[in-house]
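Here is a short note to read alongside the structure, written for someone meeting it for the first time. Keep the view open and look for each part as it comes up.

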Amino acid sequence: MFALKPPLTSYRFRALLTTLLGWLTLSGHSVASEVEHHYFPSPTLGHDYPYSVYLPDHYDTQTTHTYPVVYMLHGSFGTDRDWVSRGNLQQVTDRLIRAGHIPPAVFIMPGSRSWWVDGHNEPARSAFFNDLMPHVEATYRVGQARHYRGVAGLSAGGYGALNFALERPDLFAAVAALSPASYVPLPPGNSSAWRHPAFIDAQGQFDRELWETLNYTAYLEAYRLRVTPRGTEAEGDLPPVPLYISAGRSDVYDAEFHARQLRQAMERIQPNDVRLDLYPGGHTWQVWRASLPAALNFLFQYVGQPSEVAVQETIEQQIQEEREETQRPGEESSTSSEAVSG
């Protein structure tokens, strides 16, 4: 009788497995971001507001650090988990942070039953501004100045993100709209907007007037006045909100056409602050996943970067402190006394 020796390949397999497990352990320590799912009571909605949050590696240990924050809006009939489960947001963000392309940041992915508007089913826009943003800024270590915030979305979420930035350019440093469902003058016949509760009135009909009232075209003139310097004391006091747009060339909702319309309208206001990328594909997650890295790289050229106003205020504060330093009362009396005695 003799004992069978394990084949040599089993040792190689074990060695390979050990090496692989070790590599996975080390790589897990290199980027250990977290995604959490939460609710909080929303007075505006009258029910709990769901959201998911991406927290970068070492978030809990950096007690004094202020993070940029980007709000990521989902599409029609979507949920707060779509960007992570279908859009690969966590993996893409981890990779971009690890490569140094974007800074560590917090991503908030809210959930909404509406089209990000105060529609017929719920006041989603008001809940976003009045409830969600204050909750986030009270709960997480994110900046509360304009240059710390960005907003992005896909399809109906792109519609919402664009509207938020145009309505409140004082709140956001940049915006990204992926295949935005910002159709002018009305949605195409196959769009889910025609059956979405946000736009269905009490008679069960699509509310055309509400669509036109809430679409981005309704915000353009007021936005232009706020961000366009006019050489007077009443000139626009805000820089434009740079806009990234993407769309699939085979989109069944003709998103490329509407994206080009949007770019044309925005370039008349801010010709140097609009970018449009076109991708092969339709109105699908394949296109949105493909365009996400470019969208985030674009956003973080502005989000988390000190604004010109903030830089100027810092410079002026330093100048003022230097003046105060050189004009202390004791030093002034000493100088006066030397001048008299001389």
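**Notes on the fold**

1. Let us begin inside the sheet. Strands β2 and β4 are antiparallel partners, joined by four bridges. As you look at that pair, find Val53, which sits opposite Ile108 of β4. Please keep in mind throughout that this is a predicted model.

2. Now follow β2 to its other neighbour. β1 and β2 also pair in the antiparallel sense, here over nine bridges. One of the places to check is Pro41, whose bridge partner in β2 is Asp48. The two strands make a hairpin with four residues between them, and Gly46 in that turn has a positive phi of about 80°. How many of the nine residues of β2 are buried? The count is seven, so β2 is largely enclosed by the rest of the structure.

3. Step back and view the whole sheet. It is an open sheet of eight strands, in the order β1-β2-β4-β3-β5-β6-β7-β8, and the pairing is mixed. Which strands stand at the edges? They are β1 (34-42) and β8 (274-279); each has a single partner strand, so one side of each is left without a neighbour in the sheet. On average, neighbouring strands here are turned by 20° against each other, direction ignored.

4. Move to the β8 edge. Strand β7, residues 243-248, runs parallel to β8, and six bridges join the two. Leu243 stands opposite Val274 in β8. Two helices that pack on the sheet deserve a look here. Helix α4 (residues 124-139) touches β1, β2, β3, β4 and β5, and its direction makes about 140° with that of β3. Helix α5 (residues 156-167) touches β3, β5, β6 and β7, with its direction at about 150° to that of β5.

5. Stay with Leu243 for a moment, as it leads to another helix. The C-alpha atoms of Leu243 and Glu267 are separated by 9.7 Å, while the two residues are 24 apart along the chain. Glu267 belongs to helix α8, which covers residues 255-267. Is Glu267 buried or partly exposed? With a relative accessibility of 31%, Glu267 counts as partly exposed.

6. Next, try helix α3 (residues 89-98). Its buried residues are Leu89, Val92, Thr93, Asp94 and Leu96. What do they pack against? Their partners are the strands β2, β3 and β4 together with the helices α2 (82-85) and α9 (285-299). Just after α3 comes Gly100, with a positive phi of about 80°.

7. Some backbone details are worth checking by eye. His58, in the loop between β2 and β3, has a positive phi of about 65° although it is not a glycine. His58 counts as partly exposed because its relative accessibility is 46%. Phe77, in the loop between β3 and α2, is likewise not a glycine, yet has a positive phi of about 60°. Phe77 is exposed, as its relative accessible area is 53% and exposed means over 50%.

8. There is also a cis peptide bond to find. It joins Val184 and Pro185, with omega at about 0°. Look for Pro185 in the loop between β6 and α6 (208-214).

9. Then turn to the second largest pocket, which holds about 300 Å³ of space. Which of its 20 lining residues are closest to the centre? They are Gly75, Ser76, Ser155, His283 and Trp288. The lining as a whole divides into eight nonpolar, nine polar and three charged residues.

10. Finally, here are some totals to place the parts in context. The chain has eleven helices and eight strands. Buried residues make up 46% of its 342 residues. Among contacts with a separation of 6 or more, 73% come from residues 24 or more positions apart.

Methods. Residues are numbered from 1 along each chain as its sequence is written. This is a predicted model: local features need pLDDT of at least 70, side-chain atom pairs count only at pLDDT 80 or more; totals for chains, interfaces and linings use all residues. Side-chain values use heavy atoms; hydrogens and water are left out. Two strands pair if DSSP finds at least two bridges between them. Axes are lines fitted to C-alpha atoms, for helices over the stretch in contact, and angles run from 0 to 180 degrees between N-to-C directions. Contact means heavy atoms within 4.5 Å. On a 1 Å grid over the protein atoms alone, a cavity is a set of points where a 1.4 Å probe fits but cannot get out, and a pocket is an open set with protein on both sides within 12 Å along at least five of seven lines; lining residues have an atom within 4 Å of a point. Grid points are joined across faces, edges and corners, and a volume is the space filled by probe spheres set on the points. Ala, Val, Leu, Ile, Met, Phe, Trp, Tyr, Cys and Pro count as nonpolar, Asp, Glu, Lys and Arg as charged, and the others, Gly among them, as polar. Buried means under 20% relative accessible area, exposed over 50%, partly exposed in between (1.4 Å probe, protein chains only).
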